[in-house]
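Here are my notes on the model, set out as numbered points. Please read them with the structure open.

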Amino acid sequence: MDTRQQWGVVLGVSGGTGGAVAGALARNPGLGIFGVHRGRRPEAAAEVERTVRATGAACHMHVGGAGTFEEVQVACAEILRVAGPRSVKLLAHAIADGSYGTFLGGQRALLDSRRIHRTFESMAHSFVYWAQELVACDLLAPEARLVAMTNPMVDSVVHGWGLVAAAKAALEIYVRQMGHEIGPKGHRVMLLKFGMVETQAIRVAFPPDEWARVKREISQVTPARRLCTVEEVGAFVAQLAGPVGDWFNGSTIDLTGNQTGGLLDTIFNPGNYRNSPP
Ligand SMILES: NC(=O)c1ccc[n+]([C@@H]2O[C@H](COP(=O)([O-])OP(=O)(O)OC[C@H]3O[C@@H](n4cnc5c(N)ncnc54)[C@H](OP(=O)(O)O)[C@@H]3O)[C@@H](O)[C@H]2O)c1
């Protein structure tokens, strides 16, 4: 694959997943990185930029939102200036900007219309805005990949996480529809589903001692007996930029390691899990 002059656009580049994706894309296939973040974690963004530049790849950081249509327009105008037309080989949508709470009250905060709107806007609708604007600005390179991210909670019920799960369900439909719309032009749209990985988004969702318990118990029910890492997710996304990604379109790719598949088994056969490593 000739990736000279080609770029990976990574939304949420200062985050755990986005940062790992940026590093992996820069290493192989060697894409320039156009990263987007809001500037709340400047040290993390600077570290990603160092990692990318150390590979010899170009790096441009856009500090601003990526979750509303207006923000997407501003960012795409900058991509056009920095990278030029038909330069974006892969878009990675790694924004975590959701609200936790319940729809009808209870132990967690009630989700009001502002939180519902914001979560859907930044975690689901913005993926469509990005696809629309990349097409409108003629930014997509031949055989480009548009990659969104989801988690196994979309198939389940977890108190407090219902709004994020609903946004992920919308994302699944957006991916399916857009894959059919843009597939004939040679581009691919895909949703990568992976289990819990240790990032800021996860750490703020739990008090520290609670996170230690959750991490231990999730590791115990995962067949590999450990969590997936952001580096593994990043390396897989980088593979999708190449021939591996040719035939994934409009669909969800399961990289969960079947993390939640055994949850019923933990009730039926708890002894299988209680003392299992780690
Ligand atoms: N962590 C997991 O276990 C897990 C599992 C499966 C799927 N995922 C998915 O992977 C994606 C990334 O999650 P993560 O855990 O890596 O998140 P994270 O480490 O918390 O990083 C989130 C990133 O999003 C940026 N961001 C948030 N709102 C933004 C906005 N409106 N505009 C622009 N940038 C924004 C943040 O930058 P600033 O703070 O500077 O704004 C940061 O770079 C999400 O879609 C998540 O649902 C995560």
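1. In which hand does H3 pass H4? The crossing of H3 with H4 is right-handed. This is read from a predicted model, as is everything below. The axes of helix H3 (residues 69–83) and helix H4 (residues 113–136) cross at roughly 35° and come within 9 Å.

2. On the H3 side, the residues that meet H4 are Phe-69, Val-72, Gln-73 and Cys-76. H4 answers with Ser-126, Tyr-129, Trp-130, Glu-133 and Leu-134. Sorted by class, the contact of H3 with H4 holds 6 nonpolar residues, 2 polar and 1 charged.

3. A second helix pair is formed by H1 (residues 16–27) and H2 (residues 42–54), whose axes come within 9 Å and cross at roughly 10°. Angles under 35 degrees count as roughly parallel, and H1 and H2 are therefore roughly parallel to each other. Their crossing is right-handed.

4. H1 brings Gly-19, Ala-22, Gly-23 and Ala-26 to this contact, and H2 brings Ala-44, Val-48, Thr-51 and Val-52. The contact of H1 with H2 counts 5 nonpolar and 3 polar residues, with no charged ones.

5. The sheet is open and has 7 strands, paired in parallel, in the order E3-E2-E1-E4-E5-E6-E7. At its edges are strand E3 (59–63) and strand E7 (251–255), each of which pairs on one side only. From one strand to the next, the twist averages 20°.

6. At the E7 edge, strand E6 (residues 188–194) pairs with E7 in the parallel sense over 5 bridges. In one of the bridges, Lys-193 has Asp-254 of E7 as its partner.

7. H4 also bears on the sheet: H4 lies across strand E4 (88–93) and E5, and runs at about 165° to E4. Angles over 145 degrees count as roughly antiparallel, so H4 is roughly antiparallel to E4.

8. There are 32 residues around the ligand, of which Gly-12, Gly-15, Thr-17, Arg-38 and Ala-201 come nearest. Elements that each supply at least two residues of the shell are H1, strand E2 (32–37), strand E5 (140–150) and helix H6 (200–205). By class, the shell around the ligand divides into 15 polar, 13 nonpolar and 4 charged residues.

9. Two elements recur in these points. H1 makes the contact with H2 and also supplies at least two residues of the ligand shell. E5 has a place in the sheet between E4 and E6, lies under the crossing of H4, and likewise supplies at least two shell residues.

Methods
Residues numbered from 1 in each chain as written. Predicted model: local features only at pLDDT ≥ 70, side-chain atom pairs only at ≥ 80, totals over all residues. Axes fitted to C-alpha atoms, helices over the stretch in contact; angles between N-to-C directions. Helix = DSSP H or I, 4+ residues; strand = E, 2+ residues; numbered from the N terminus. Parallel < 35°, antiparallel > 145°, perpendicular 65-115°, else oblique. Left-handed = near helix turned anticlockwise from the far one by under 90°. Contact = placed C-beta atoms within 7 Å. Nonpolar A, V, L, I, M, F, W, Y, C, P; charged D, E, K, R; others polar. Near = placed C-beta within 6 Å. Pairing = 2+ DSSP bridges.
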